[in-house]
Amino acid sequence: MLGVFSSSIVSPPDELVAAGSRTPSPKTTAGELLKRFVESKGSAVSVQIGEHVQLAYSHHNESPWQPRSFAVKDEVFCMFEGALDNLGSLRQQYGLAKSANEVLLVIEAYKALRDRAPYPANHVVGHLSGSFAFIVFDKSTSTLFVASDQFGKVPLFWGITADGYVAFADDAELLRGACGKSLASFPQGCFYSTAVGQLMCYENPKNKITAVPANEEEIWGATFKVEGPAVLAARE
């Protein structure tokens, strides 16, 4: 899966900008990145949302234990990869039908966060148990919400393209060609929300997240780490 967002939606993270500046490397534009994704993935589907957002996904080389899914409801777009262990109980919590899958569940969880403010974002993600990574874009509010499970079972990466777009994908090599050293693994157990305005750890939301410069031989420009002691946030 691939999500590409212009700077009018999400400001390029300073840590990734700095990483690319420390070690200049070849990059390509967001349009070229999307074209490469569509051409390299079998039966890829791409969706353009307005002028500033592009989403793409494919079932090419999909793991049967970590399937990819896409859905749109009430102008909320979501791409989900993985599987939730507690999907059944979450369906009941959000009043969904037994046929509802993970991607529909995440849309409902996001809408609960949006519509019941102040409703802590970490509570929504913290209820999810299993292996997952997802990208949510709310067209009605131009809000981006991205998250990864606490053990990083589903790979997720982010970077900055040559024309300043922020890109998220489950394929590191794909992003490497477009983002150069302005690239990092999305930190496990964390979420990024443009509504919150920063990257946060949902298990330990008060802990600071820092970016450590990577070694020259690594493909990353930086590695994001959660500082401080692990104190699990309340989920109730």
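The following exercises, each with a worked solution, concern the predicted model shown above.

The model is predicted, and local features need pLDDT of at least 70, side-chain atom pairs count only at pLDDT 80 or more, and totals for chains, interfaces and linings use all residues. Residues are numbered from 1 along each chain as its sequence is written, and side-chain values use heavy atoms, with hydrogens and water left out.

**Exercise 1. Overall form**

Task: State how many helices and strands the chain contains, and assess its radius of gyration against the globule rule.

Solution.
- Step 1. The chain contains six helices and 14 strands. Helices (H or I, at least four residues) and strands (E, at least two) are DSSP runs, numbered from the N terminus.
- Step 2. The radius of gyration is taken over C-alpha atoms, and the globule rule is 2.2 Å times the number of residues to the power 0.38. For 236 residues the rule gives 18 Å, and the chain has 17 Å, close to that value, so the chain is as compact as a globular protein of that length.
- Step 3. The C-alpha trace spans about 50 × 45 × 35 Å along its principal axes.
- Step 4. Of the 236 residues, 51% are buried. Buried means under 20% relative accessible area, exposed over 50%, and partly exposed in between (1.4 Å probe, protein chains only).
- Step 5. Among contacts with a separation of 6 or more, 61% join residues 24 or more positions apart. Contact means heavy atoms within 4.5 Å.

**Exercise 2. Two helices and their buried sides**

Task: For α1 and α2, identify which residues are buried, which are exposed on the other side, and what covers or packs against the buried ones.

Solution.
- Step 1. Helix α1 covers residues 14-22, and its Leu16, Ala19 and Gly20 are buried. These residues lie on the same side of α1 because they cover an arc of only 95 degrees around the axis. The arc is that of the directions from the helix axis to the C-beta atoms.
- Step 2. Asp14 and Ser21 are exposed on the other side of α1.
- Step 3. The cover over the buried residues of α1 includes β8 (157-160), β10 (183-185) and β14 (222-226).
- Step 4. In α2, the buried residues are Ala30, Leu33, Leu34 and Phe37. Their arc around the axis is only 95 degrees, which puts them on the same side of α2.
- Step 5. Lys35 and Glu39 are exposed on the other side of α2, while the buried residues pack against β1 (2-5), β2, β3 (53-57), β9 and α6.

**Exercise 3. Salt bridges**

Task: Give the number of salt bridges, and describe the pairs formed by Asp171, by Lys111 and by Arg114.

Solution.
- Step 1. Side chains of opposite charge can pair when their charged atoms come close. The criterion for a salt bridge is a side-chain nitrogen of Lys or Arg within 4 Å of a carboxyl oxygen of Asp or Glu. The structure holds nine.
- Step 2. Asp171 and Lys41 form one of them, at 2.9 Å from N to O. Asp171 lies in the loop between β9 (166-169) and α6 (172-179), and Lys41 in the loop between α2 (30-40) and β2 (45-49), so this pair ties together parts that are 130 residues apart in sequence. Asp171 is partly exposed at 21% relative accessible area, whereas Lys41 is buried at 17%.
- Step 3. The side chains of Lys111 and Asp74 meet at 2.5 Å, N to O. Lys111 belongs to helix α4 (residues 102-115) and Asp74 to the loop between β4 (68-73) and β5 (76-84), so the pair ties together parts 37 residues apart in sequence. Lys111 is buried, with 12% relative accessibility.
- Step 4. Arg114 and Asp115 form a salt bridge of 2.8 Å, N to O. Arg114 is partly exposed at 27%, and Asp115 is exposed at 53%.
- Step 5. Lys73, Asp74, Glu108 and Lys111 are joined into one network by salt bridges that share partners.

**Exercise 4. Cysteines**

Task: Determine how many disulfides the structure holds, and explain why Cys78 and Cys179 form none.

Solution.
- Step 1. A disulfide is a pair of cysteine sulfur atoms within 2.5 Å, and the structure holds zero.
- Step 2. For Cys78, the closest cysteine sulfur is in Cys190, 18 Å away and too far for a bond. Cys78 is buried at 0% relative accessibility.
- Step 3. For Cys179, the closest cysteine sulfur is likewise in Cys190, at 19 Å, too far for a bond. Cys179 is buried, with a relative accessible area of 0%.
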